[in-house]
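Trainee: I would like a close look at one part of this model: the aromatic pairs. Please take me through them step by step.

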Amino acid sequence: MEGYAPGEQPRDRRYIKLNTNENPYPPSPKVLAAIQAAVTDDLRLYPDPGAHELRKKAAEVYAVPAEQIIAGNGSDDLLAMLFRACVETGATRQVAYAVPTYSLYDTLAVIQDSKPCTVPFPADFGLPVRELLALQTRLTIICSPNSPSGTVIPLAVIEEFARAAPGLVVVDEAYVDFARETALSLLAACPNIFVLRTFSKSFSLAGMRIGLGFGSLDVVGELNKVRDSYNLDRLSLVAARAALDDVAWMKANVAKVVAARDELLAELGKLGLSVLPSESNFVFARTPSGDAAGLYQALRDRGILVRYFATPALRGGIRISVGTPQENGALLAALRDIAAGR
């Protein structure tokens, strides 16, 4: 098998990194203070295997009972649990999702020795409801906002799909804090919905690896059976708890990113790039040539990293993480130089 290939993490800090959707702004000072205070002799002890304090705080913030919340080593860890619990080795029609989307789903299916059922997104990246329902799979994943397109699936469509789906419907909301609505509001009406969140994007904690899953008591109970015993370390638990104590800091950073995103979308359009509407902290821009490999390399040569996917559905564009105004300005200046042949 081929393993999942993360975005490039260069050792040379001179690059402007707009390739892995990291938040350009720092985490709350409360988080840094809490981590420093937790660096004690207690590090010799195992962390709380049930993440009780984190889940209790998350219950307050998200208005979901703590018993319906599970914590993971990033939302990727929670995705791995879902595949372990739902996808039988060697069986068919186990998992489905629309493509192109987060390619880790493909890797997790292969690890379970299962071939995923995929359906192409239409040009507007709306959810192909009828085609996905026809597959009758045990597990369906809806990434919203979707990566790498940045587009969202309306809640009414997700609810319609979940009510008709035969199995578990996972709504991967890694980027939802940059969007207008969340599927958490559907949990009571649709017990087969399971929502994923991460602290990597909006909370600026990609380096700590923290995720949360929200679902029914039954689903959370089953996932706990296949969860690693101590899947979050002591410092991650402390960082996540402190981050939820300062949601206002996160929202202020999100507002800055959203404003910069909307400005970036407009400027890229002026440069002749075709941009999809985004409700995430990145944008996907297509080139007129239909192959963005050259543009990706030209930007890299100028010290700017963006994400290029060498697949038929995505090779025509680049995914650009929203940076600070200065970083976005450097990107746009480089694109103007490339367009002018300089």
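Mentor: Tyr4 counts as partly exposed, because its relative accessibility is 28% and partly exposed covers the range between 20% and 50%. Keep in mind that the model is predicted. Tyr102, with a relative accessible area of 18%, is buried, because the cut-off for buried is under 20%.

These two residues belong to a wider set: a search of the whole structure finds nine aromatic pairs. A pair of aromatic rings is described by the distance of the centres and the angle of the planes. For Tyr4 and Tyr102, the ring centres are 5.8 Å apart and the planes stand at 85°, so the pair is edge-to-face. Tyr4 sits in the segment before strand S1 (16-17), while Tyr102 sits in the loop between strand S3 (95-99) and helix H4 (104-111); the pair therefore ties together parts that are 98 residues apart in sequence. Both residues also belong to one aromatic cluster, made up of Tyr4, Tyr97, Tyr102 and Tyr105.

Another pair is formed by Tyr62 and Phe214, also edge-to-face, with 5.4 Å from centre to centre and 75° between the planes. Tyr62 is in helix H2 (residues 52-62) and Phe214 is in strand S8 (residues 211-214), so this pair ties together parts that are 152 residues apart in sequence. Tyr62 and Phe214 are both buried.

Aromatic rings can be seen in another setting here, with a charged residue over the face. Lys256 lies over the face of Tyr25, at 4.1 Å from the ring centre. Arg319 lies over the face of Phe282, at 5.6 Å from the ring centre.

Key:
Residues numbered from 1 in each chain as written. Predicted model: local features only at pLDDT ≥ 70, side-chain atom pairs only at ≥ 80, totals over all residues. Heavy atoms only, no water. Phe/Tyr/Trp six-rings, centres within 6.5 Å; stacked < 30°, edge-to-face > 60°. Helix = DSSP H or I, 4+ residues; strand = E, 2+ residues; numbered from the N terminus. Buried < 20%, exposed > 50% of the residue type's maximum accessible area, 1.4 Å probe, protein only. Lys NZ or Arg CZ within 6 Å of the ring centre and 35° of its normal.
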